Amino acid sequence: MTALPLTVTRVQALTPQVKLFRFEAATPLPLFSGGAHIVVEMPDGDVLRRNSYSLISDPHDPSGYEIAVRLDPQGRGGSRFLHEKVREGDRLRVSMPANLFAIDPRAKRHLLIAGGIGITPFLAQIRQLDRLNLDWALHYAAPSRKEAAALGLLPRSSRISLHFSDEGNRMDLATLLDGQPAGTHVFCCGPEGLITAVEATAARLGWPQSHLHSEAFAAPPPGAAFSVTLGRSGRTLTVGPHQSLLEAIEAADVPIDWSCRGGACGRCETAVRACHGRILHHDHWLSEDERAAQTKIMPCMSRFLGEDLTLDL
């Protein structure tokens, strides 16, 4: 994937756990659409980390890209690198924007549901929706105002409803989803529990599946180290406990396509030549039948338990 060398021009604390990072170049940057993300490359010692982050800046502003990153002390290291090591003036390589969570201009209304740091893609989406004069409403849930990272970045609008647990106004999904105008599309981003609850509530109320959209950038889960054989060369690689299969393949300088690195886009889908064991699927791409067949794997998220895993690489 093409990467742009950009300069960090602003690092701003939004909350004690969330920081805003702005990247700029000497020339105008490519425009993007609301809901797009970039992949930030982070050279952290011997490890090159690549993490996806939603763009929160104006999609029609070519002067820079902005992201908001929540610190995860128990994570794999990407958020710690940005929070602890990145300073204004540093240069990092950033991918071209890609979008797996685009608005749908055919929708009569966009109902946006955000939980916690999941507010990030909607900051750009609402700018695009306003520019296109499309109907929308945003419901933003967080434990408290102090922990609502985007509170100061949101416009003043009657279309925005805030739900803070410590103030007793938790989001009522059944009431929210019931009675929406025909043609409404729901977009949800946040914790897996929120996305699951929205999907279950919508299904119970008879919403068409095609009108439900969600996004969750999941980190590759840790696990026991395992070996994998690359069928085209016969090479055997070892995937470490805190390393993804995709990262191990990249470290071996084997070409492989990717985009989101979170099991949602399907770009890194790889055929399995042999599997004597069990693939641990953690992606959002493969169907249940495809997972059970164990003939495909998403290297960005999946792990393996067993004697032999051979890939068509």
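Phenylalanine 101 is buried in this predicted model, with a relative accessible area of 1%. That value is under the 20% limit, which is why the residue counts as buried. Its position along the chain is in the loop between β7 (98–99) and β8 (109–115). A good place to begin, then, is with the rings around this side chain.

Four aromatic pairs were counted in the structure. One of them joins phenylalanine 101 and phenylalanine 122, with 5.7 Å from centre to centre and 55 degrees between the planes, a tilted arrangement. This pair links distant parts of the chain, as phenylalanine 122 belongs to helix α2 (residues 120–131) and the two residues are 21 apart. Phenylalanine 122, like phenylalanine 101, is buried.

Phenylalanine 101 also pairs with phenylalanine 187. Here the ring centres are 5.6 Å apart and the planes meet at 70 degrees, so the pair is edge-to-face; the cut-off for that class is over 60 degrees. Phenylalanine 187 sits in strand β11 (residues 184–189), 86 residues from phenylalanine 101, and this pair too links distant parts of the chain. With a relative accessible area of 0%, phenylalanine 187 is buried. Taken together, the ring pairs link Phe101, Phe122 and Phe187 into a cluster. The cluster thus brings in a loop residue and a helix residue, along with a residue from a strand.

Stepping back to the whole chain, the fold comprises six helices and 17 strands. Among contacts between residues at least 6 apart in sequence, 66% join residues at least 24 apart. The pair of phenylalanine 101 and phenylalanine 187, at 86 residues apart, spans such a separation.

The overall dimensions can be set beside a simple expectation. A compact globule of 313 residues would have a radius of gyration near 20 Å, and the chain, at 20 Å, agrees with this. Along the principal axes, the C-alpha atoms fill a box of roughly 60 × 50 × 35 Å. Of the 313 residues, 50% are buried, with phenylalanine 101 and phenylalanine 122 among the buried residues.

The surface and the charges complete the picture. About 14,600 Å² of the chain is exposed, and carbon and sulfur atoms supply 49% of that area. The chain carries 32 positive and 34 negative side chains. The centres of these two sets of charges lie 3 Å apart.

Methods. Residues are numbered from 1 along each chain as its sequence is written. This is a predicted model: local features need pLDDT of at least 70, side-chain atom pairs count only at pLDDT 80 or more; totals for chains, interfaces and linings use all residues. Side-chain values use heavy atoms; hydrogens and water are left out. Helices (H or I, at least four residues) and strands (E, at least two) are DSSP runs, numbered from the N terminus. The radius of gyration is taken over C-alpha atoms; the globule rule is 2.2 Å times the number of residues to the power 0.38. Buried means under 20% relative accessible area, exposed over 50%, partly exposed in between (1.4 Å probe, protein chains only). Contact means heavy atoms within 4.5 Å. Accessible areas come from the Shrake-Rupley method with a 1.4 Å probe; for residues, only the protein chains shown count as cover. Lys and Arg count as positive and Asp and Glu as negative; His and the chain ends are not counted. The place of a charge is taken as NZ of Lys, CZ of Arg, CG of Asp or CD of Glu. Rings of Phe, Tyr and Trp (its six-membered ring) pair if their centres lie within 6.5 Å; planes under 30 degrees apart count as stacked, over 60 as edge-to-face and the rest as tilted.
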